[in-house]
Amino acid sequence: MGCFDVVLLRCPTCGEEYPAQSKGAGDWDMDDTYYLSEAPDDVLTDVNRHAPFVCTCKTVFQVDVAKRLVVKLDITPEEAERRQVDYLMPAVNALLREKLN
Ligand SMILES: [Zn+2]
């Protein structure tokens with residue numbers, strides 16, 4: 001199992017593919033790329049770590065892991081970015097500590 005996997009999500013509005021990174025933050029080295037329907041369960045458990053995702057068409061969405069579906073969220077892209085920052089900071093700090101050891 002690699003360190004970085006990517007799950008390709010389809011925007012529920014425009015259908016554009018959005019690469020959601022799983023396992024690992026701030027690094028685009030990737031080992032495997034999956035479509036949502038075929039991604040292994042252990043990859044999917046982590047797929048929302050950068051959620052909510054914002055498409056170029058401004059649709060905000062995340063993954064319903066149990067159903068393997070992309071679900072649209074009724075929030076603005078600005079609100080989504082605030083949530084990303086809140087959610088990411090502890091993960092980034094933990095990763096930095098790991099690399100220093
Ligand atoms: Zn879109």
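**Group meeting: strands, sheet and hairpin**

Two helices and six strands: that is the secondary structure of this protein. Keep in mind that we are looking at a predicted model. Reading from the N terminus, the elements go β-β-β-α-β-β-β-α.

Let's take the sheet. Three strands form an open sheet, in the order 2-1-3, and the pairing is mixed. Which strands sit at the edges? Strand 2, residues 17-22, and strand 3, residues 32-35; each of them pairs on one side only. From one strand to the next, the twist averages 30 degrees.

Now the pairing of strand 1 with strand 2. Strand 1 covers residues 5-10, and its pairing with strand 2 is antiparallel, over six bridges. For a register mark, use Leu9: opposite this residue, in strand 2, stands Tyr18. A general reminder while you look at side chains: in a regular strand they alternate between the two faces of the sheet.

Next, strands 5 and 6. Strand 5 is residues 60-64, strand 6 is residues 69-72. They also pair, in the antiparallel sense, over four bridges. Here the register mark is Phe61, with Lys72 of strand 6 as its bridge partner.

What about the hairpin of these two strands? Four residues lie between strand 5 and strand 6. In this hairpin Arg68 has a positive phi, near 55 degrees. Check that one in your backbone plots.

Last, the whole chain. The protein has 101 residues, and 17% of them count as buried. Now take the contacts with a separation of 6 or more: residues 24 or more positions apart account for 55% of these.

Notes: Residues are numbered from 1 along each chain as its sequence is written. This is a predicted model: local features need pLDDT of at least 70, side-chain atom pairs count only at pLDDT 80 or more; totals for chains, interfaces and linings use all residues. Two strands pair if DSSP finds at least two bridges between them. Axes are lines fitted to C-alpha atoms, for helices over the stretch in contact, and angles run from 0 to 180 degrees between N-to-C directions. A residue is buried if 20 or more other C-beta atoms lie within 10 Å of its own, exposed if 12 or fewer, and partly exposed in between; C-beta atoms are placed from the backbone. Two residues are in contact if their C-beta atoms, placed from the backbone, lie within 7 Å.
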